[in-house]
Amino acid sequence: MDVMNLPKYLEFVGKLAARLSPTLLILFTLPSQVLAQSLPMEISIKFPKADNRGTPERTGAGGGRLINPAWPPPKATRGSSCFQLETGQLPLTALMPTQDNLGQTISPTPTLYWYVPQTAAKSGGELVIMNDEGRITYKTRLKVADRSGIVQHTIPATAALEIGKSYQWYFTIICDSEDSSKNVFVSGTIKRTTLGSLLDNYLQQATPLQQAEIYAKNQIWIDTLNSVAKVYTQKPSEWEELLTSVGLSAIAKEPLLDCCIAEPLP
């Protein structure tokens, strides 16, 4: 291949791959070392635009999109929140690219992220994950920091997601352990998908930011976010740019907190 035409060829393959199903993607081959050499060292990570992007419906007391009514936490009553928000500060917010908090992943054990304002809650938070049949597949209690910031939790292998399945999650801050109507929660959906063997090979050779670029172009939000989080300390501007691209600029500079120890629940 003419080296001078390599960038154009890669651009063509990228555009074509974005329009093909994962099954068709495996028909194309490109040496992994070519991919590594062609991707720039400085990468701009922005997630593709979505029609329902924005923050108003992402979060709030008793908020969230309830797909399965078998286990919705009670809606919080007015004035019951254990958060004291400053003017313009976002409430409990899932780091998701759309208002309905829908995100895709190729990982069986993805990491989820939430912005938690400073709270007086003593019992921390609770994460519940349900499959598309309404069965709880995972439940855990998370300790919450005494300051605002972004918390994260990785779903363990014992609750691994299945390819092609959608899962509903609920993240609840327990404001009152005796009155659940005073708790605040946010909910959303994870769908596990696949990219096909071609891109899987690329990802194994790529750096975290190169991986993030591949995930973003294929609209795999959860893995895009997690890849950028891996280099958050070294490249915070990439993290800020990614969050800003999905309407989360208000929390783009909030710290990633290493705070939240999981406590399994029965």
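Colleague: Let's start in this predicted model with Asn 101, in the loop between strand E1 (93–94) and strand E2. Why is Asn 101 called buried?

Modeller: The relative accessible area of Asn 101 is 1%. A residue counts as buried when that value is under 20%, so Asn 101 qualifies.

Colleague: What makes the phi of Asn 101 worth a remark?

Modeller: Phi is positive there, about 55°, although Asn 101 is not a glycine. Most residues other than glycine have a negative phi.

Colleague: Which other residue, apart from glycine, has a positive phi?

Modeller: Gln 219 is one, with phi near 60°. Gln 219 follows helix H5 and sits in the loop between H5 and H6.

Colleague: Why is Gln 219 called partly exposed?

Modeller: Gln 219 has a relative accessible area of 49%. Buried would need a value under 20% and exposed a value over 50%; 49% falls in between, so Gln 219 is partly exposed.

Colleague: What about Ser 107: where does Ser 107 lie, and what makes Ser 107 buried?

Modeller: Ser 107 is in the loop between strand E2 (102–105) and strand E3 (111–116). Its relative accessible area is 18%. The limit is 20%, and 18% is under that, so Ser 107 counts as buried.

Colleague: Which backbone atom does the side chain of Ser 107 reach, and how do you know that this is a polar contact?

Modeller: The side chain of Ser 107 reaches the backbone nitrogen of Thr 109 at 3.0 Å. A polar contact needs a pair of N or O atoms within 3.5 Å, one able to donate a hydrogen and the other to accept it. Therefore the 3.0 Å distance meets the distance limit. Leaving aside neighbours within four places in sequence, Ser 107 is also in contact with Leu 161, Arg 192 and Asp 223.

Colleague: How do you know that helix H5 is largely enclosed by the rest of the structure?

Modeller: H5 covers residues 208–217, and 8 of its 10 residues are buried, so the rest of the structure largely encloses H5. Among the buried ones are Leu 209, Ala 212, Ile 214 and Tyr 215, and the buried set also includes Gln 210, Gln 211 and Glu 213.

Colleague: What makes H5 roughly antiparallel to H6?

Modeller: Their axes come within 8 Å and cross at roughly 165°. Angles over 145 degrees count as roughly antiparallel, and 165° is over that limit, so H5 is roughly antiparallel to H6. H5 passes H6 in a left-handed crossing.

Colleague: Which residues make the contact between H5 and H6?

Modeller: From H5 come Pro 208, Leu 209, Gln 211, Ala 212, Tyr 215 and Ala 216, while H6 supplies Asp 223, Thr 224, Ser 227 and Val 228. By type, these residues divide into 6 nonpolar, 3 polar and 1 charged.

Colleague: And H6 with H7: why are these two helices called roughly antiparallel?

Modeller: H6 and helix H7 (residues 236–245) pack at an angle of about 155°, and their axes are 9 Å apart. Again the limit is 145 degrees, and 155° is over it, so H6 is roughly antiparallel to H7. H6 passes H7 in a left-handed crossing too. Trp 221, Thr 224, Leu 225, Val 228 and Ala 229 of H6 meet Glu 238, Trp 239, Leu 242 and Leu 243 of H7. That contact divides into 7 nonpolar residues, 1 polar and 1 charged.

Colleague: What makes H6 largely enclosed by the rest of the structure, and what covers its buried residues?

Modeller: In H6, 8 of the 9 residues are buried, so the rest of the structure largely encloses this helix. Trp 221, Ile 222 and Asp 223 are among those buried residues. The cover includes E2, E3, E8, H5 and H7.

Colleague: Since E8 has come up, why does Thr 189 count as buried?

Modeller: Thr 189 lies in strand E8 (residues 184–192). Its relative accessibility is 5%, which is under the 20% limit, so Thr 189 counts as buried. Thr 189 and Tyr 167 are 22 residues apart in sequence, yet their C-alpha atoms are 5.5 Å apart in space.

Colleague: To finish, how many helices and strands does the chain have, and what share of its residues is buried?

Modeller: There are 7 helices and 9 strands, and buried residues make up 48% of the 266 residues in the chain. Of the contacts with a separation of 6 or more, 74% join residues 24 or more positions apart.

Conventions: Residues numbered from 1 in each chain as written. Predicted model: local features only at pLDDT ≥ 70, side-chain atom pairs only at ≥ 80, totals over all residues. Heavy atoms only, no water. Helix = DSSP H or I, 4+ residues; strand = E, 2+ residues; numbered from the N terminus. Buried < 20%, exposed > 50% of the residue type's maximum accessible area, 1.4 Å probe, protein only. Contact = heavy atoms within 4.5 Å. Axes fitted to C-alpha atoms, helices over the stretch in contact; angles between N-to-C directions. Parallel < 35°, antiparallel > 145°, perpendicular 65-115°, else oblique. Left-handed = near helix turned anticlockwise from the far one by under 90°. Nonpolar A, V, L, I, M, F, W, Y, C, P; charged D, E, K, R; others polar.
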